[in-house]
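Let's walk through a few spots in this protein, one at a time. Have the structure open as you read.

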Amino acid sequence: MRKHKKLASLMLALVLALTLGVPACAAAEDTGFSDVDASAWYAGAVEYCWERGWMAGTSAATFSPEGTLTRAQLVTILYRVEGEPDVTGDDSFTDTEPGRWYSSAVLWASQQGLVNGYGNGLFGTNDPVTQEHLTLIFQRYTEAAVTEGIPGFDGSRNPATRAQTAAVLMAYGQLQDQQTVPSGEGRTLVAYFSATNNTKAIANHLRDILGADIYEITPETPYTSADLNYNDNSSRANREQNDPAARPAISGSVENMPQYDVIFLGYPIWHGQAPRIISTFLESYDLSGKTIVPFCTSGSSPIGSSAENLYALASGAVWLDGNRFSGSTARSTIENWVDGLNLPKSEAPQPEGDASMLNLTINGTVLTATLADNTSAQALRELLADGPLTIDMSDYGNMEKVGPLGTSLPTNNEQITTQAGDIILYQGNSLVIYYAPNSWNFTRLGRINDVTAQELRDILGDGSVSVTLSLG
């Protein structure tokens, strides 16, 4: 039988969970469920699975950790973990019905050989999942069995609890996180405000998909249930939304905002618009030249004008079209959206003294830049190997300085949305330094390091300027 790679990882996670148990450090500070105490051994696992949309509560306020799962519920959870891949065909079970909430999950599970029926045409849709079932799943995909470790788990025919299932899923998720998520070195940031955790779930998916850093926009004064009572005209949320000048204070700030090229900005829809705390966030930083991708969560309202009304708060940024999600949106749906975005490509920074470094002397100020890895940048390096080159540059379009190189270099054109600091080869024989965004078919030569859009504008000044290039 062909093993499914990610499900094999899930079984490996089961080994870890059953052998090692759930680490104490996984405990949550506040689970959000009235029946999950923050000190419970499974609290961290419950919060972890809920944040990722893998497991939901049995009600708005309860998780039922000692409750059980049906076989249909289990395969639906695993199908959700897998990103709800497309499936075609019909299952062969007589006790399942097409078009039900579990139909695609059961078909997928049977096609993968993950959970088989009872051999008499029955899947056991409403039968409880036993600890033995979990052990059998493990045996199918890893050819081994471990039945000790998680509290109360002995591999018997006793039902597996929801808490035990959450512990297995968290072990799997942490294993995947270690394998796929970079350690904070990306140049993409997911910033979000979430009052009820729906937006938080989407933000976590984006973090994992993009390998991005993540920042929660946390109000200095947290919102209470009464604050969020939209039926009360005097509630805090309603008062803020009715006041265009309202700017709720934020606790903390993004460290080293200049390092990020792309910001995914998430928020819930409040009366058709973004909460005013998003305005506070946008006005707290110089976002000139950065690409901002808005996303929102709502049960029904589209993103509509909620994003467009934010543009003026970061007018120097490049805004891409946003999207609306529900809090339970599948990861695969979010991945498809991200894949369709025309995100700018960032060059990885190089250490100082590297051969890819370029110096630019402008009005007595020396800036450093990282050259791109292409034949165009290589040709520029070879040109500068004979000595510094001074280029007289003029202003064009209130977004760039441009001047002739005096020779032609090979081109490597691609569709680019420039950012402040980008060094571009235009038509093979002109050098352009952008201090504001522009989209066109260009060749990227490199990018100036550690300078904001406003700082670069000040250095370049108004009108014409002479720029001297030399190798670092």
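Which side chain does the side chain of Thr199 join in a polar contact? The partner is Thr297, and the two side chains are joined over 2.6 Å. Keep in mind that this is a predicted model.

## Thr199 and its surroundings

Thr199 sits in helix H7, which covers residues 198-210. It counts as buried, because its relative accessible area is 1% and the cut-off for buried is under 20%.

Who's around it? Setting aside residues up to four places away in sequence, Thr199 touches Tyr192, Phe193 and Ser194, then Gly266, Tyr267 and Pro268, and finally Phe295 and Thr297. So Thr297 turns up both among these contacts and as the polar partner.

## Helix H12

Helix H12 runs over residues 375-384, and its buried residues are Ser376, Ala377, Ala379, Leu380, Arg381 and Leu384. As a general point, an α-helix has 3.6 residues a turn, so residues three or four places apart point the same way. The buried residues of H12 pack against a whole set of strands: S7 (357-362), S8 (365-371), S9 (389-396), S12 (422-426), S14 (439-448) and S15 (465-471).

At the start of H12, Asn374 lends a hand: one of its side-chain oxygens comes to within 3.1 Å of the backbone nitrogen of Ser376. Thr375 belongs to H12 too, and with 49% relative accessibility it is partly exposed. Beyond its neighbours within four places in sequence, Thr375 is in contact with Pro410 and Asn412; with Asn412 there is also a side-chain polar contact of 2.9 Å. Thr375 and Leu445 are 70 residues apart in sequence, but their C-alpha atoms are 9.3 Å apart in space.

## Strand S10 and its partners

Strand S10 (residues 400-404) is largely enclosed by the rest of the structure, because four of its five residues are buried. S10 pairs with S9 in the antiparallel sense, over three bridges, and Lys401 in S10 is the bridge partner of Asp395. Three residues lie between the strands in this hairpin, and Gly397 there takes a positive phi near 65°.

S10 also pairs with strand S13 (residues 430-434), again antiparallel, this time over five bridges. Here Gly403 stands opposite Leu431 in S13.

## Cysteines

How many disulfides does a search of the whole structure find? The count is zero. Two cysteines worth a look are Cys49, buried at 0% relative accessibility, and Cys296, also buried with a relative accessible area of 0%.

Terms used:
Residues numbered from 1 in each chain as written. Predicted model: local features only at pLDDT ≥ 70, side-chain atom pairs only at ≥ 80, totals over all residues. Heavy atoms only, no water. Buried < 20%, exposed > 50% of the residue type's maximum accessible area, 1.4 Å probe, protein only. Helix = DSSP H or I, 4+ residues; strand = E, 2+ residues; numbered from the N terminus. Contact = heavy atoms within 4.5 Å. Polar contact = N/O pair within 3.5 Å; in protein donor to acceptor, adjacent residues only side chain to side chain. Disulfide = S-S within 2.5 Å. Pairing = 2+ DSSP bridges.
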